[in-house]
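Here is a set of short questions and answers on one structure. Look at the model first, then read on.

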Amino acid sequence: MELLLRAKSQHLKGQLVIGGSKSESNRLLILQAFENGIIIENLSNSDDTLVLQKALQSSDKTIDIHHAGTAMRFLTAYYAGQPGREVVLTGSKRMKQRPIRPLVDALRTLGANIQYLEKEGFPPLQIKGCKIEKNEVKISANISSQYISALMLLGSSLENGLKIHLEGKITSAPYLQMTLQLLEKVGVKTEFKDQSIQIFPSKIQAKTIAVESDWSSASYFYSLVALSASAEIELSVYHEQSLQGDAAMIEIYKQLGVETKFKEDSILISKKGQAISLLELDLNATPDLAQTIAVTCFGLGIACKLSGLHTLKIKETDRLLALQKELQKLGANVNVTEDSLSLEKSSFILEDVKIATYQDHRMAMAFAPLALKAPIIIEDAEVVSKSFPNFWECLKKLQIISVTNP
Ligand SMILES: O=C(O)C1=C[C@@H](OP(=O)(O)O)[C@@H](O)[C@H](O)C1
Ligand SMILES: C=C(OP(=O)(O)O)C(=O)O
């Protein structure tokens with residue numbers, strides 16, 4: 001599906017309810033599989049959550065989690081610790097290119113039985129579940145935090161608990177904090193000190209937990225506000241005390257002229273003041289914001305230097321290359337390295353450019369707000385369903401951009 005986006009107004013006013021966080025939801029689904037008395041409120045309606053939920057309810061011999069990184073990593077550890085369960089865990093073509101060796105190696109040292117069925121180090125995997133009794137493991141921390149969260153979730157179900165030694169620089173650290181805090185919420189004792197995480201033997205408690213709405217999804221509306229002439233928009237359900245690292249966008253977008261105020265269950269974001277002329281950020285802790293921020297800066301005509309992006313190459317697509325290619329089509333001057341992106345300030349945006357989305361939801365959603373500056377076409381717009389199935393409806397509801405099939 002191709003969508004043509006055109007500005008209808010430069011003044012934004014509206015209210016939206018955003019779906020639950022997919023990261024919180026996917027952790028809670030695994031915990032619920034260990035303790036079915038856990039009740040999850042405001043569960044994400046994203047594809048990535050639905051595939052994980054379906055997998056956990058299925059007794060099929062082959063489980064296909066499509067593009068969902070967290071589902072792939074969390075289920076690898078989950079199945080490895082389920083005695084008697086035999087499963088082939090597979091995914092999309094792209095999933096078969098996303099590395100999983102650090103997690104498989106760690107699980108094997110704990111005694112798990114996992115084999116690669118195609119390329120060594122990558123899905124699909126054949127997993128024969130067993131009782132895991134060892135309780136100490138090491139893993140490299142600079143490739144994906146999801147491997148570590150997968151071990152932490154598994155650790156909460158183990159009789160002897162689990163001590164995880166983290167090697168190297170920790171990437172995407174707030175996602176580890178999110179896992180720790182959710183474990184604590186269901187009564188699992190944890191300790192994160194220096195380079196090691198301890199999951200103490202605990203009994204997971206039956207609890208009702210409400211998922212906060214997804215902050216990464218909110219980022220596209222921060223971008224819209226930044227690019228509009230005037231704006232005031234309310235998004236719910238959000239709280240000042242968030243488990244999601246992407247709430248850091250509040251401070252980031254301040255520098256781009258966006259102000260956030262917390263209300264009881266929502267945020268009010270408005271356009272206040274000017275953007276700075278050069279935005280310099282290390283996004284190691286918030287990799288999912290990189291595309292949104294780069295595109296906002298381009299739309300504002302300001303320069304940016306983004307670093308800490310080494311994990312972007314192994315996400316839904318090589319996000320650094322995809323960003324460079326699509327921004328260049330619009331007339332941007334942009335350079336990327338293995339872990340950074342720099343964009344020069346620009347004074348024009350080419351019109352009616354077709355943006356390829358590389359089966360990456362965030363490519364589609366990050367480029368959409370640019371329509372406020374120039375008409376734009378988003379290819380394969382349905383990709384948004386990976387994290388935000390009603391993104392286009394939300395955009396239409398704001399009545400600031402017309403969204404049509406050309
Ligand atoms: O644990 C999670 O829920 C996630 C961790 C991050 O991945 P990496 O740790 O691979 O950077 C993030 O990019 C992803 O969207 C969700
Ligand atoms: C990287 C992402 O997801 P995952 O790694 O879980 O596929 C994302 O949602 O941006």
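Q: How many residues of domain 1 are in contact with domain 2?
A: Contact means C-beta atoms, placed from the backbone, within 7 Å. On the other side of this pairing, 22 residues of domain 2 take part. From domain 1 the count is 18 residues.

Q: What kind of model is this, and how is it numbered?
A: Residues are numbered from 1 along each chain as its sequence is written, while chains are lettered from A and ligands numbered from 1 in the order in which they are written. Local features need pLDDT of at least 70, side-chain atom pairs count only at pLDDT 80 or more, and totals for chains, interfaces and linings use all residues, because this is a predicted model.

Q: Which class is most numerous on the side of domain 1 that touches domain 2?
A: Ala, Val, Leu, Ile, Met, Phe, Trp, Tyr, Cys and Pro count as nonpolar, Asp, Glu, Lys and Arg as charged, and the others, Gly among them, as polar. That side has three charged and seven nonpolar residues. The remaining class has eight: polar.

Q: How far apart are the C-alpha centres of the two domains?
A: The bounds come from an automatic or database domain assignment. It gives domain 1 (3-18 + 213-404) and domain 2 (22-210). Their C-alpha centres lie apart by 29 Å.

Q: Where does ligand 1 lie relative to the domains?
A: A residue belongs to a shell if its C-beta atom, placed from the backbone, lies within 6 Å of the ligand. The shell around ligand 1 includes S23, T70, S144, Y175, D288 and T311. Domain 1 and domain 2 both give residues to this shell, so ligand 1 lies between them.

Q: Which helix gives the largest share of the shell around ligand 1?
A: Helices (H or I, at least four residues) and strands (E, at least two) are DSSP runs, numbered from the N terminus. By class, this shell has two nonpolar, nine polar and one charged residue. Three residues, the largest share, come from helix α5 (residues 145-155).

Q: How many charged residues does the shell around ligand 2 have?
A: The shell consists of H67, A68, G69, T70, D288, K315, E316, R362 and S387. Each domain supplies at least three residues. One residue is nonpolar and four are polar; the charged ones number four.

Q: Which residues have the most contacts inside the largest nonpolar core?
A: A nonpolar core is a set of buried Ala, Val, Leu, Ile, Met, Phe, Trp, Tyr and Cys residues joined through C-beta atoms within 7 Å. Buried means 20 or more other C-beta atoms within 10 Å, exposed 12 or fewer, and partly exposed in between, with C-beta atoms placed from the backbone. The largest core has 75 residues, and those with the most contacts inside it are V225, A294 and F367.

Q: Which helix gives the most to this core?
A: Its contribution is nine residues. The helix is α7 (residues 215-227).

Q: Which residue follows P123 across a cis peptide bond?
A: Most peptide bonds are trans. Here omega is near 5 degrees. The loop between β6 (113-116) and β7 (125-128) holds the residue in question, P124.

Q: Is N42 buried, exposed or partly exposed?
A: N42 is not a glycine, but has a positive phi of about 60 degrees. This residue sits in the loop between β3 (39-41) and α2 (47-57). With 19 other C-beta atoms within 10 Å, N42 is partly exposed.

Methods: Contact = placed C-beta atoms within 7 Å.
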